[in-house]
Number of protein chains: 2
Amino acid sequence: MTTNEIAALLLNTPASVTDMLKKLSAKELINYQPYKGARLTEQGYKHATFLVRKHRLWKVFLYQSLNIPWEAVQEIAEELEHINSELLIDHLDSFLGFPKFDPHGDPIPNAQGKYTLRAQSLLSDLSPGKQGLIIGVKDQQLSFLQYLDEKGIGIGKTVTTIKHDPYDQSMIISMDQKEINLSGKAAGLIFIKSL
Amino acid sequence: MTTNEIAALLLNTPASVTDMLKKLSAKELINYQPYKGARLTEQGYKHATFLVRKHRLWKVFLYQSLNIPWEAVQEIAEELEHINSELLIDHLDSFLGFPKFDPHGDPIPNAQGKYTLRAQSLLSDLSPGKQGLIIGVKDQQLSFLQYLDEKGIGIGKTVTTIKHDPYDQSMIISMDQKEINLSGKAAGLIFIKSL
DNA sequence: ATTATAATTTAGACTAATCTAAAATAATCA
DNA sequence: TGATTATTTTAGATTAGTCTAAATTATAAT
Ligand SMILES: [Mn+2]
Ligand SMILES: [Mn+2]
Ligand SMILES: [Mn+2]
Ligand SMILES: [Mn+2]
């Protein structure tokens, strides 16, 4: 990734990113070439994968065990993920029954760092008359998740495309015996498994 | 508390403590008078109580839900306690069934900050022939907890004093139909409820 | 009541993580 | 290919949390 990309993603300045790239490079977590961006080393990739594992396992715990709504788990998991204890995480994984996906549908690396892959497509690509099972979301922003909550849309729901508007890409889908209007933008952020 | 007491407890230097006392005082969490020590304000006391609540609830979770041994929970809870979310902690409390004591027998403040009190005495004060139920430990150091593990001593065990050595205060107690030797020092660190 | 000792604070320094503004380098375009 | 623009790095500053050594203040002991 390039310096500016990282800065934009982290909401930091490019100057701060450069400083940190040098530190991560000194720790051999990335290969960094001034002006040419950086790439994770194998060690850095393992670090990152463990962080993702921690983050997503905590999300499952918060959502499934504690019944915290899916739009609130992200922020809390953002802190929990920084607690460093393999013992803790492996026990948590076992307690949760070794889940493969988090409450937003993201895959959870196992203790060996392996992800479970599965076929997925976008709801926006589901042709009229076809059925799909909602398995994930592409955007985890509060506003988007709340938008879905209001319409009753969530993971595990089965939907059928009724109509696709050729002009603005908005869709009418049927779910729970009701018809729901969905903007093209939203439909493009919902992952489904076609049935 | 005085500056040196705090420094000794935290394994920091007195100079660092002075610096921090000034900062906490500026935040109105303590009343601090140079050269005369510091005391928590009401606001500071609430802060502290919430920290204790978080710490002890996490210990219950680690021990009871995740089956992490009681000598390992302290270190992990030391980090978990710093995650700030009332929502999280209140859901955790509910998930755990509103426990009143942690795995080392320490009382857990409820959401209103109230502690549950209970009568307790030291195993070292249990007279020969009398029975007691182990309900807590005064020291949570790894070495002490491992010493207890080796002897099979833990919370919930019922013990009877067989003999009290008048010279070195060491005791012989019976537990699970076995006789166990215990140093005077160790017996003075075990809380019991006399039966 | 001095003097010696102990406790505490201050002065000055260091590291980590951030920032703004300026300089350097790379990429684009005329 | 030279000028312009965009990207990236460097220089220098700031804040938080820590430290050591020196100065100050309080306490204890003649
Ligand atoms: Mn997430
Ligand atoms: Mn985070
Ligand atoms: Mn504890
Ligand atoms: Mn802590």
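Let's start at a spot where protein meets DNA: in B:Thr18, a polar side-chain atom sits 2.7 Å from a phosphate oxygen of DNA strand C. Keep in mind as you look around that this is a predicted model.

B:Thr18 has company. A polar side-chain atom of B:Lys22 is 2.9 Å from a phosphate oxygen of DNA strand C, and over on the other chain, A:Ser16 places a polar side-chain atom 2.2 Å from a phosphate oxygen of that strand. Which elements give two or more residues to the surface near DNA strand C? They are α2 (14-26) of chain A, plus α1 (3-10) and α2 (14-26) of chain B. The one that gives the most is α2(A), with 5 residues.

Now step back and take in the whole surface around this strand. There are 18 residues around DNA strand C, and those that come nearest are A:Ser16, B:Thr3, B:Thr18, B:Tyr32 and B:Tyr35. Of the strand's atoms that come within 4 Å of the protein, 69% belong to sugar and phosphate. Sort the surface residues by class and you get 8 nonpolar, 7 polar and 3 charged.

Next, hop over to DNA strand D. It is surrounded by 18 residues, with A:Thr18, A:Lys22, A:Tyr32, A:Tyr35 and B:Ser16 the closest. Here, sugar and phosphate make up 69% of the DNA strand D atoms that come within 4 Å of the protein. Zoom in on A:Tyr32 and you'll find a polar side-chain atom 2.2 Å from a phosphate oxygen of DNA strand D. A:Tyr35 uses its backbone instead: a polar backbone atom there is 2.8 Å from a phosphate oxygen of the strand. From chain B, B:Thr13 has a polar side-chain atom 3.1 Å from a phosphate oxygen of DNA strand D. The largest share of this surface, 5 residues, comes from α2(B), while α1 (3-10) and α2 of chain A each supply at least two residues as well.

Time to leave the DNA and look at the metals. Which residues coordinate the manganese ion that is ligand 1? The answer is A:His55 through NE2, A:Lys59 through NZ and A:Gln74 through OE1, at 2.2 to 2.7 Å. Along the sequence, these donor residues are spaced H-x3-K-x14-Q. A:His55 and A:Lys59 are about one helical turn apart, because they lie 4 residues from each other in helix α3 (residues 42-65) of chain A. Are these two buried or exposed? With 10% relative accessibility, A:His55 counts as buried, and A:Lys59 is buried too, at 1%.

Chain B has a manganese site as well. Ligand 3 is a manganese ion coordinated by B:His55 (NE2), B:Lys59 (NZ) and B:Gln74 (OE1), at 2.2 to 2.7 Å, and its donors follow the spacing H-x3-K-x14-Q. B:His55 and B:Lys59 are 4 residues apart in helix α3 of chain B, so about one helical turn separates them. B:His55 counts as buried at 9% relative accessibility, and B:Lys59 is buried with a relative accessible area of 1%.

Finally, head for the nonpolar interior. The largest nonpolar core has 34 residues, and those with the most contacts inside it are A:Trp58, A:Phe61, A:Leu62, B:Trp58, B:Phe61 and B:Leu62. Helices α3, α4 (70-80) and α5 (86-95) of chain A, along with α3 (42-65), α4 (70-80) and α5 (86-95) of chain B, each supply at least two residues of this core. For a closer look, pick B:Leu62: leaving aside residues up to four places away in sequence, B:Leu62 touches A:Leu88 on the other chain, and its contacts in chain B include B:Ile68, B:Val73 and B:Leu80.

Key
Residues are numbered from 1 along each chain as its sequence is written. Chains are lettered from A and ligands numbered from 1 in the order in which they are written. This is a predicted model: local features need pLDDT of at least 70, side-chain atom pairs count only at pLDDT 80 or more; totals for chains, interfaces and linings use all residues. Side-chain values use heavy atoms; hydrogens and water are left out. Donors are N, O and S atoms within 2.8 Å of the metal (3.2 Å for Na, K and Ca); water is not among the atoms, so sites may look incomplete. Buried means under 20% relative accessible area, exposed over 50%, partly exposed in between (1.4 Å probe, protein chains only). A residue is near a molecule or strand if one of its heavy atoms lies within 4 Å of it. A polar contact is a pair of N or O atoms within 3.5 Å; within protein, one must be able to donate a hydrogen and the other to accept it, and residues adjacent in sequence count only if both atoms are side-chain atoms. Ala, Val, Leu, Ile, Met, Phe, Trp, Tyr, Cys and Pro count as nonpolar, Asp, Glu, Lys and Arg as charged, and the others, Gly among them, as polar. A nonpolar core is a set of buried Ala, Val, Leu, Ile, Met, Phe, Trp, Tyr and Cys residues joined through side-chain atoms within 4.5 Å. Contact means heavy atoms within 4.5 Å.
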